[in-house]
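Hello,

Here is the structure I promised to hand over. Have a look at it first, and then read on for what turned up in it.

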Amino acid sequence: MTECKIVEDLLPLFEENLLQEETTKWVNEHLAHCSTCRTKTNIELTEIPKPIPRKTAATMIKNVHIKLTIYQLLFVLLSFAFAMSTSIFTGSFQFILSYFVLGICTFYFYRNWILTICIAIIPIFIWTIYDTIASFGSYNNWYLQQMEYYDSIFSLFGSLIGGGLLMGLIHTIFTILGVIVVVLVTKSFEKEDTL
Ligand SMILES: [Zn+2]
């Protein structure tokens, strides 16, 4: 209701087109959904610009989203490939380079470090848990074997998730280094531009 009072005060200026752009937009938005205030205006309501039809906006967002999802899928697949091909247990330290490059590519593309870290950590997390289970032979045997060792299913899950997180973090450190490199390079380019 207070909004209506403000609109009422602004209407004379609004009708003379003397309001600032932002305020005009706000009044228009209010008039679009408030019939009470609409009856108080003297101007033709057809002049009120209509907001972008929802369908168009939704389609645009959807298109961008699909494009992003395809790239995201590619990065996730790449990350999975890295997770599967490298393991510090086998003494291969190739993962340092691959995760570093993954960090550079995903951060350069998305400029979003949370997303970059998620793309890097989730596949290695899943893969580590799968790998741990698989390395103990068939699931049933492994489960029985583990239950003799762990006193409850919760501690078993805890150790699986803990192991996955640890491996995820070790690998992601190099992804974060990649992110840092992109940030530093971008900053140094920005400095050059301002000089
Ligand atoms: Zn109103």
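For the surface, a patch is built from residues with over 30% relative accessible area and no salt bridge, and nonpolar side chains are joined when they lie within 5 Å. Please keep in mind throughout that this is a predicted model.

With that rule, I153, F154, F157, I161 and L165 form a nonpolar surface patch of about 490 Å². One of these residues, L165, sits in helix 8, which covers residues 153–194. L165 has a relative accessibility of 42% and is therefore partly exposed, and since a patch residue needs over 30%, L165 passes that cut-off.

Now the overall picture. The protein chain has 8 helices and 0 strands, and its pattern along the sequence reads α-α-α-α-α-α-α-α. Of the 195 residues in the protein chain, 27% are buried.

The metal site comes next. Which atoms of the protein are donors of the zinc ion? They are SG of C4, NE2 of H30, SG of C34 and SG of C37, at 2.1 to 2.3 Å from the zinc ion. Along the chain, the spacing of these donors is C-x25-H-x3-C-x2-C. C4 belongs to helix 1 (residues 2–15) and H30 to helix 2 (residues 21–33), so this pair links distant parts of the chain, 26 residues apart.

Why does the arrangement around the zinc ion count as tetrahedral? The 4 donor atoms subtend angles of 101 to 114 degrees, and the rule for four tetrahedral donors asks that all angles lie between 85 and 135 degrees. As a reference, the ideal angle for four tetrahedral donors is 109.5 degrees.

Are the donor residues C4, H30 and C34 buried or exposed? C4 has a relative accessible area of 11%, so C4 is buried. H30 is buried too, because its relative accessibility is 3%. C34, at 9%, is likewise buried. The cut-off behind these three calls is under 20% relative accessible area.

Since there are several cysteines here, you may want to know about disulfides. The count is 0 disulfides, where a disulfide would need a pair of cysteine sulfur atoms within 2.5 Å. Away from the zinc donors, C105 has a relative accessibility of 33% and therefore counts as partly exposed.

How many salt bridges are there? The count is 1 salt bridge, and it joins the side chains of K40 and E8, with an N to O distance of 3.4 Å. K40 is in helix 3 (residues 35–40) and E8 is in helix 1, so the pair ties together parts that are 32 residues apart in sequence. Both ends are partly exposed: K40 has a relative accessible area of 37%, and E8 has one of 41%.

Two further pairs are worth a look on screen. L13 is located in helix 1 and is partly exposed, with a relative accessible area of 40%. Measured by position in the chain, L13 and T24 are 11 residues apart, while their C-alpha atoms are 9.4 Å apart in space. T23 is located in helix 2 and is partly exposed at 25% relative accessibility. T23 and L10 are separated by 13 residues in sequence and by 8.9 Å from C-alpha to C-alpha.

Finally, the backbone. Most residues other than glycine have a negative phi. Against that background, N17 has a positive phi of about 60 degrees, although N17 is not a glycine. N17 lies in the loop between helix 1 and helix 2, and N17 is exposed, because its relative accessible area is 61%. R111 also has a positive phi, near 55 degrees, and is a residue other than glycine. Where is R111 placed? R111 is in the loop between helix 5 (94–110) and helix 6 (113–134). With a relative accessibility of 41%, R111 counts as partly exposed.

Happy to talk any of this through whenever it suits you.

Best wishes

Note on methods
Residues are numbered from 1 along each chain as its sequence is written. This is a predicted model: local features need pLDDT of at least 70, side-chain atom pairs count only at pLDDT 80 or more; totals for chains, interfaces and linings use all residues. Side-chain values use heavy atoms; hydrogens and water are left out. Patches are made of residues with over 30% relative accessible area and no salt bridge: like charges are joined within 9 Å, nonpolar side chains (Val, Leu, Ile, Met, Phe, Trp, Tyr) within 5 Å. Accessible areas come from the Shrake-Rupley method with a 1.4 Å probe; for residues, only the protein chains shown count as cover. A salt bridge is a side-chain nitrogen of Lys or Arg within 4 Å of a carboxyl oxygen of Asp or Glu. Helices (H or I, at least four residues) and strands (E, at least two) are DSSP runs, numbered from the N terminus. Buried means under 20% relative accessible area, exposed over 50%, partly exposed in between (1.4 Å probe, protein chains only). Donors are N, O and S atoms within 2.8 Å of the metal (3.2 Å for Na, K and Ca); water is not among the atoms, so sites may look incomplete. Four donors count as tetrahedral if all angles lie between 85 and 135 degrees; four count as square planar and six as octahedral if opposite donors are over 155 degrees apart and all others between 65 and 115; anything else is irregular.
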